[in-house]
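Colleague: Got a minute to go through this model with me? I'd like to hear the reasoning behind the labels.

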Amino acid sequence: MATTSEAPVSAGAATHTTIRSSLGDLTVVTRDGRVTGLYFPHHWHLPDRSAFGEYRDAGAEDVRRQLDEYLAGERREFDVLLGAAGSPFQERVWQLISQVPYGTTVSYGELAGELGGGITAQEVGNAVGRNPVSIIIPCHRVVGASGGLTGYAGGLRRKRILLDLEQDVAGRSARLF
């Protein structure tokens with residue numbers, strides 16, 4: 001599982017690069033060796049581009065390799081350092097999402113129930129939608145109450161591709177044993 005920093009993101013300069021993938025070009029933002037953003041083209045809630053820092057042709061090789069392995073069905077978990085920053089509530093939701101097993105889904109309502117305190121599915125959905133590190137924090141695994149696909153920062157087509165990939169790989173693995 002990718003690890004999120006307990007310490008605040010430091011003041012080091014951010015840099016970004018583009019990774020070409022079967023899902024389109026992904027922008028990876030890093031700061032001090034931590035991934036702070038992974039964004040699709042036309043990503044919802046995209047931060048101001050000035051927060052991405054300097055562009056570098058090379059960089060984020062670990063992220064690039066692990067994403068390639070994941071999209072090829074050869075990796076189930078990421079082991080990159082994360083520096084995803086949000087409100088305390090958003091970070092709690094992202095931590096819960098990070099615990100959803102590969103090849104499975106959870107509903108917004110189930111996450112709200114786990115959080116307790118009268119948190120609504122809509123509040124959870126808002127926090128999920130602001131996940132700055134898509135795929136690595138697997139927000140694609142969060143679905144509507146009926147199991148249907150609902151919003152995804154990268155678009156529903158990409159969400160379906162990611163879920164189908166995981167379910168196919170998990171199904172093949174289960175049949176091997």
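Colleague: What makes H3 roughly perpendicular to H4?

Modeller: This is a predicted model, and in it H3 and H4 pack at an angle of about 105 degrees, with axes 8 Å apart. Angles of 65 to 115 degrees count as roughly perpendicular, so the label for H3 and H4 follows.

Colleague: Which residues make that contact?

Modeller: From H3 you have Tyr 108, Gly 109, Leu 111, Ala 112 and Leu 115, and from H4 there are Ala 121, Val 124, Gly 125 and Val 128. Sorted by class, the contact of H3 with H4 has seven nonpolar and two polar residues, with no charged ones. Glycine counts as polar here.

Colleague: And H2 with H4, why is that pair called roughly perpendicular?

Modeller: Same kind of check. H2 and H4 pack at about 85 degrees, their axes 9 Å apart. The window for roughly perpendicular runs from 65 to 115 degrees, and H2 and H4 are therefore given that label. On the H2 side, Phe 89, Gln 90, Val 93, Trp 94 and Ile 97 meet Glu 123, Val 124, Ala 127 and Val 128 in H4. The contact of H2 with H4 divides into seven nonpolar residues, one polar and one charged.

Colleague: Which residues of H4 are buried, and what do they pack against?

Modeller: In H4, residues 121-129, the buried ones are Val 124, Ala 127, Val 128 and Gly 129. They pack against helix H2 (88-98), helix H3 (108-115) and strand E8 (142-143).

Colleague: Moving on to the loop between H4 and E8, where Arg 130 is found. Why is Arg 130 called partly exposed?

Modeller: Its relative accessibility is 37%. Buried would need under 20% and exposed over 50%, so Arg 130 counts as partly exposed. Leaving out residues up to four places away in sequence, Arg 130 touches His 45, Gln 90 and Trp 94.

Colleague: How far is Arg 130 from Leu 111?

Modeller: Arg 130 and Leu 111 are 19 residues apart in sequence, and 15 Å apart in space from C-alpha to C-alpha.

Colleague: Ile 135 sits in the loop between H4 and E8 as well. How do you know that Ile 135 counts as buried?

Modeller: The cut-off for buried is under 20%, and Ile 135 comes in at 2% relative accessibility, so it counts as buried.

Colleague: What makes the phi of Ile 135 worth a look?

Modeller: Ile 135 has a positive phi of about 75 degrees although it is not a glycine. Most residues other than glycine have a negative phi. Asp 32 is another non-glycine with a positive phi, about 55 degrees. Asp 32 lies in the loop between strand E3 (24-31) and strand E4 (34-39).

Colleague: Is Asp 32 buried, exposed or partly exposed?

Modeller: Asp 32 has a relative accessible area of 46%. That value falls between the 20% and 50% limits, so Asp 32 is partly exposed.

Colleague: Last one: what lines the largest pocket?

Modeller: The largest pocket, about 300 Å³ in volume, is lined by 18 residues, and Thr 36, Tyr 39, Pro 47, Ala 85 and Pro 132 lie nearest its centre. E3, E4 and H2 are the elements that give two or more residues to the lining. E4 gives the most, with three. By class, the lining of the largest pocket has nine nonpolar, seven polar and two charged residues.

Definitions and conventions:
Residues are numbered from 1 along each chain as its sequence is written. This is a predicted model: local features need pLDDT of at least 70, side-chain atom pairs count only at pLDDT 80 or more; totals for chains, interfaces and linings use all residues. Side-chain values use heavy atoms; hydrogens and water are left out. Buried means under 20% relative accessible area, exposed over 50%, partly exposed in between (1.4 Å probe, protein chains only). Helices (H or I, at least four residues) and strands (E, at least two) are DSSP runs, numbered from the N terminus. Contact means heavy atoms within 4.5 Å. On a 1 Å grid over the protein atoms alone, a cavity is a set of points where a 1.4 Å probe fits but cannot get out, and a pocket is an open set with protein on both sides within 12 Å along at least five of seven lines; lining residues have an atom within 4 Å of a point. Grid points are joined across faces, edges and corners, and a volume is the space filled by probe spheres set on the points. Axes are lines fitted to C-alpha atoms, for helices over the stretch in contact, and angles run from 0 to 180 degrees between N-to-C directions. Angles under 35 degrees count as roughly parallel, over 145 as roughly antiparallel, 65 to 115 as roughly perpendicular and the rest as oblique.
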